[in-house]
Amino acid sequence: GRSAGVWLGGLFNPDAFITATRQAVAEAKQWSLELLELRAKVGGDENTLREEAASGISFIVTGLVLQGAAWGADGKLAEARDVSNLLPPVSLSWVLPEPGTAPAAKTVSLPVYQNETRHDVLTSIELPRPDNADYTVWLQRGSAVIVWSL
C-alpha cells in the first residue's frame, strides 16, 4: 500500500505518478488542481509517516538521493562530505495553501530530477536549511534531489 512507501526511481514514469497523486488529492478533497502545492517532510518516525499517508493527501517516497548536500540530524540540509547522500523516507503532501502565505523563510527550493543526468526535472521541493546558511549556498553547490541513481 501507499503507507509502505514508493521508490520513485523504480517507476517507469515517476512524473506521471506525481501527477496522479495530485489529481487524486484534488478529487478526494474537492480542491482545485491548479492551487495545490507539494510539500516535503524528510524523516520522522515511521508511525507518523504512515498516519500522514493514511490521511489521503500524503505519500511516502523512499530511495531519494541528495546531491551537493547531506541531511543533518537537526532535520535540515547540511554540508556534505560525499557528493551523494541517501535521504530518509520523505512524506510528500499535496496541500491547499492559505491565501497570501509565503514559503518558510529558512528553506531552499531544490529541483527533483529523474536521474543523475539531470535532464528531466520532475518537480521541486522546499527543504529547511540551517539558519546560518544563505539559500544561495545550496544553489552554488548544485544541490538537488535525484529519484534514481546508479
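Let's start with a charged pair: Glu-79 and Arg-141 form a salt bridge, and their closest N and O atoms are 3.7 Å apart. This pair ties together distant parts of the chain, with the two positions 62 residues apart in the numbering. Glu-79 sits in the loop between E6 and strand E7 (84-86), while Arg-141 belongs to the loop between H3 and strand E11 (144-148). Glu-79 is exposed, at a relative accessible area of 63%, whereas Arg-141 counts as partly exposed at 36%. Please keep in mind that this is a predicted model.

**Salt bridges**

The count of salt bridges comes to 3. In general, side chains of opposite charge can pair when their charged atoms come close. Here are the pairs with their closest N to O distances:

| Basic residue | Acidic residue | N to O distance |
|---|---|---|
| Arg-141 | Glu-79 | 3.7 Å |
| Lys-76 | Asp-131 | 3.7 Å |
| Arg-39 | Glu-37 | 2.9 Å |

Lys-76 and Asp-131 meet through their side chains in a salt bridge of 3.7 Å, N to O. This pair, too, links distant parts of the chain, its members being 55 residues apart. Lys-76 is found in the loop between strand E5 (70-71) and strand E6 (77-78), and Asp-131 in the loop between E10 and helix H3 (135-140). Which of the three classes, buried, partly exposed or exposed, does Lys-76 fall into? Its relative accessible area is 23%, so Lys-76 is partly exposed, since that class begins at 20%. Asp-131 has a relative accessible area of 54% and is therefore exposed, the cut-off being over 50%.

In the remaining table row, Arg-39 and Glu-37 bring their closest N and O atoms to 2.9 Å. Arg-39 is partly exposed at 40% relative accessible area, and Glu-37 is also partly exposed, at 36%.

**A nonpolar patch**

Now for some uncharged surface. Trp-7, Trp-148 and Leu-150 make up a nonpolar patch, and together they have about 400 Å² of accessible area. One of its members, Trp-7, lies in strand E1 (residues 6-7) and is partly exposed, with a relative accessible area of 45%.

**Val-121 in strand E10**

Finally, have a look at Val-121, which is part of strand E10 (residues 121-128). Is Val-121 buried or exposed? With a relative accessible area of 51%, Val-121 is exposed. Apart from neighbours within four places in sequence, Val-121 is in contact with Val-112 and Tyr-113. Val-121 and Ile-60 are 61 residues apart in sequence, and their C-alpha atoms are 19 Å apart in space.

Note on methods. Residues are numbered from 1 along each chain as its sequence is written. This is a predicted model: local features need pLDDT of at least 70, side-chain atom pairs count only at pLDDT 80 or more; totals for chains, interfaces and linings use all residues. Side-chain values use heavy atoms; hydrogens and water are left out. Helices (H or I, at least four residues) and strands (E, at least two) are DSSP runs, numbered from the N terminus. Buried means under 20% relative accessible area, exposed over 50%, partly exposed in between (1.4 Å probe, protein chains only). Contact means heavy atoms within 4.5 Å. Patches are made of residues with over 30% relative accessible area and no salt bridge: like charges are joined within 9 Å, nonpolar side chains (Val, Leu, Ile, Met, Phe, Trp, Tyr) within 5 Å. Accessible areas come from the Shrake-Rupley method with a 1.4 Å probe; for residues, only the protein chains shown count as cover. A salt bridge is a side-chain nitrogen of Lys or Arg within 4 Å of a carboxyl oxygen of Asp or Glu.
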